[in-house]
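User: I've got a structure here and want to talk it through piece by piece. Can you take my questions as they come?

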Amino acid sequence: MAASLPRYAARPMTQPNATQAAAEPEGGPAVGVRWNLGDLYAGPEDPALEADLARSLEGAQAFAAAYRGRIGALSAAELAAAVDALEALDEPVARARAYSGLLFAADTSLPRHGALLQHVQERGSEIRNTILFFELEWVALDEATVARLLEEPALSRRRHFLESARRWRPHVLSEPEERLLEETANTGRRAFSRLFDEIMAGMRFRLEMDGRTIELGEEELLAKLHEPSRPLRKAAAEALSAGLREHARTLGFVFNTLLQDKAVQDRLRRFATPPAERHLANEIDAASVSALLGACERRFELVARYYRLKAKLLGLETLADYDRYAPIPGEAGARPFVEAKRIVLEAYADFAPEMARIAGEFFERRWIDAELRPGKRGGAFSASTTPKLHPYVLLNYTGNLRDVMTLAHELGHGVHQSLARVQGLFEQDTPLTTAETASVFGEMLVFRRLLRDERDPKVRLALLCGKLEDAFATVFRQVAMTRFEESAHAARRSEGELPLARVNELWLDANRPMFGDSVQLGVDYGWWWLYIPHFVHSPFYCYAYAFGELLVLALLRRYDEEGQAFVPRYLDLLRAGGSDTPPALLRKVGLDIGDPAFWDGGLVLLEELVAEAEGLALASGT
Ligand SMILES: [Zn+2]
């Protein structure tokens with residue numbers, strides 16, 4: 001609860017980013033678009049950073065001196081003051097944590113950055129250990145005392161925070177045990193996570209192109225899977241498989257270690273199943289997740305139906321795995337970054353000028369890092385920092401339509417995180433399940449605007465296909481990835497350390513039901529679980545994307561029905577951040593996620609989009 005890690009709301013690592021031209025200027029089309037972390041600190045050597053760490057630690061020690069052993073005896077007003085004090089002492093270290101994380105993401109290759117990240121993590125653990133007693137004493141209180149306290153108006157502002165801390169009650173350990181786990185995580189779980197990032201960021205892939213071999217980083221290589229040339233896509237897929245195979249032993253060891261680390265943690269903390277801890281963190285029950293996964297699986301046929309259409313559009317008999325991201329004829333060329341910015345801001349302004357204003361600040365005040373650089377972390381994310389400051393956005397902009405969507409996506413997070421700052425440090429961040437609300441919504445706004453302005457049926461079809469592929473990546477692919485994780489965690493627990501071939505088999509088994517006979521997955525595709533960061537950084541993250549996308553489709557339907565009246569309620573939902581449980585917050589906009597039929601609503605919309613694409617394809621004579 002307290003001193004939680006900053007939220008990195010990353011885009012699903014599902015479809016790689018694409019690029020258009022092979023001859024691209026250094027830095028890509030967003031060259032020079034770098035963030036300015038000066039609002040946090042002047043640099044890694046800024047003495048203010050060390051001072052902040054010291055301030056938090058002193059605050060934690062003073063807090064312990066004042067409250068240790070007394071939590072059960074506090075009045076409601078005193079308890080409210082204690083939580084305020086806890087939040088205040090957490091603020092400086094949150095700033096340092098955000099900075100070290102962002103600095104590392106911007107260039108993972110500099111040893112100084114890795115060292116600072118590690119240093120802040122270690123100091124953070126010291127602080128967390130000093131105040132750990134608060135959580136333990138609070139969850140140890142009996143139900144009647146807690147119920148009486150939470151009734152008091154003095155605690156109304158902190159009710160959700162305190163109540164949600166109690167949900168960990170069956171899973172917390174004794175204080176010495178908790179302290180031990182916290183400190184050893186820095187050389188255990190967190191160290192393996194970082195090793196994964198460093199290996200991936202440093203990896204070079206050898207691509208055979210036009211009779212010569214070039215070396216590419218992960219992002220640049222994945223972009224080649226979006227090329228119109230089939231031999232090039234095939235070569236890129238082979239280069240990816242070969243590169244992953246080369247590092248498979250180390251990456252596989254990292255994965256195996258983390259699977260076992262989780263098994264140990266789950267046993268110690270009495271979590272009955274591998275995803276149970278994630279469900280609890282997400283404030284959602286296993287039955288709702290199971291309803292979501294089941295509803296999606298029952299519509300896997302949509303994926304196969306779409307890829308059969310795509311094969312036709314590409315003039316292929318069947319698709320190979322490296323054809324999945326092939327551009328549909330009619331897709332527009334590369335867009336300069338300024339155009340992407342214009343498209344996103346205009347789409348946001350159509351919906352709510354306030355959203356465009358907040359998103360605009362990210363460009364004006366340089367809170368965004370979009371250029372391609374060696375050593376920079378792949379993918380994209382928006383990171384909330386502290387409520388006194390603002391979020392930062394990172395992406396790797398290569399200029400294609402998907403990158404425009406990524407910009408819309410991350411700025412959606414940015415707007416959400418900005419609006420939720422009013423909730424303060426402890427309640428600004430939502431659980432993962434609702435973290436994707438504004439990001440996916442922002443993408444849909446951009447998609448609809450582009451579609452509205454486009455007259456050429458071929459381009460319209462390409463737009464529609466792009467949206468569908470994206471939605472499938474966010475919904476169905478995430479469901480398959482969740483099934484893969486379930487099987488991998490279960491297999492590690494029953495079979496011991498997993499041979500890589502076994503993990504490959506589990507990965508293929510999880511992916512096949514989604515594609516049916518529409519895409520031929522090669523043997524090499526079996527290795528492609530190796531580069532997905534979510535499996536390493538945050539087990540069972542993936543279903544939250546499916547949750548988020550289908551939730552957003554339901555929100556859009558509300559918007560279509562209610563028009564402008566919906567907008568302020570939507571903004572209130574964003575402003576609420578993590579101040580209540582997702583079901584409670586969503587009820588205020590008229591959505592009932594407890595209803596098992598809820599998920600079908602969004603899936604039906606996807607089916608309509610597939611039918612529309614089929615219709616357009618027929619009309620344009622393909
Ligand atoms: Zn996201």
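User: Is Glu436 buried or exposed in this one?

Analyst: This is a predicted model, so keep that in mind throughout. Buried is the label for anything under 20% relative accessible area. Glu436 comes out at 0%, so it counts as buried.

User: Which residues coordinate the zinc ion?

Analyst: The contacts run from 2.1 to 2.7 Å. Glu436 is listed twice, each time through OE, and two histidines each bring in NE2. Along the chain the donors follow the spacing H-x3-H-x22-E. Put together, the residues are His409, His413 and Glu436.

User: Why does the pair of His413 and Glu436 tie together separate parts, and how many residues apart are they in sequence?

Analyst: His413 sits in helix α16, while Glu436 is in the loop between α17 (432–435) and α18, so the pair ties those parts together. His413 is buried too, with a relative accessible area of 1%. As for the gap in sequence, the parts are 23 residues apart.

User: Is the site of the zinc ion tetrahedral or irregular?

Analyst: For four donors to pass as tetrahedral, all angles must lie between 85 and 135 degrees. Here the angles among the four donor atoms go from 51 to 139 degrees. That makes the site irregular.

User: Moving on to empty space: which element gives the most to the lining of the largest cavity?

Analyst: The search of the whole structure turns up seven cavities of 30 Å³ or more, and the largest holds about 250 Å³ of space. Three elements give two or more residues to its lining: α16 (401–419), α18 (437–453) and α19 (457–474). With seven residues, the one that gives the most is α19.

User: How many residues of that lining are charged?

Analyst: The largest cavity is lined by 20 residues, and those nearest its centre are Glu331, Leu401, Arg402, Gly466 and Glu469. The lining divides into 10 nonpolar and four polar residues, with the charged ones numbering six.

User: Now salt bridges. How far apart in sequence are Glu50 and Arg123?

Analyst: The count for the structure comes to 55 salt bridges. In the one between Glu50 and Arg123, the closest N and O atoms are 3.2 Å apart. Glu50 belongs to helix α1 (residues 47–67) and Arg123 to helix α3 (residues 111–140), so the pair links distant parts of the chain, and the spacing in sequence is 73 residues.

User: Arg157 and Asp84 also meet in a salt bridge. Is Arg157 exposed or buried?

Analyst: The side chains of Arg157 and Asp84 meet at 3.2 Å, N to O. Arg157 lies in the loop between α4 (143–151) and α5 (159–166), and Asp84 is in helix α2 (residues 76–106). Asp84 is partly exposed at 31% relative accessibility. For Arg157 the relative accessible area is 54%, so it's exposed.

User: Which helix holds the residue that forms a salt bridge with Arg448?

Analyst: The partner is Asp560, with the closest N and O atoms 2.8 Å apart. Asp560 counts as partly exposed at 48% relative accessibility, and Arg448 is partly exposed as well, at 32%. Arg448 lies in helix α18, 112 residues away in sequence, and the helix holding Asp560 is α23 (residues 543–562).

User: Which residues are linked in a network of salt bridges?

Analyst: Here the salt bridges link up into a network. Its members are Arg335, Glu339, Arg342, Glu346, Asp350, Arg449, Arg452 and Asp453.

Definitions and conventions: Residues numbered from 1 in each chain as written. Predicted model: local features only at pLDDT ≥ 70, side-chain atom pairs only at ≥ 80, totals over all residues. Heavy atoms only, no water. 1 Å grid on protein atoms, 1.4 Å probe; cavity = no way out; pocket = protein on both sides within 12 Å on 5 of 7 lines; lining within 4 Å. Points joined across faces, edges and corners; volume = space filled by probe spheres on them. Helix = DSSP H or I, 4+ residues; strand = E, 2+ residues; numbered from the N terminus. Nonpolar A, V, L, I, M, F, W, Y, C, P; charged D, E, K, R; others polar. Donors = N, O, S within 2.8 Å, 3.2 Å for Na, K, Ca; no water. Tetrahedral: all angles 85-135°; square planar, octahedral: opposite > 155°, others 65-115°. Buried < 20%, exposed > 50% of the residue type's maximum accessible area, 1.4 Å probe, protein only. Salt bridge = Lys/Arg side-chain N within 4 Å of Asp/Glu carboxyl O.
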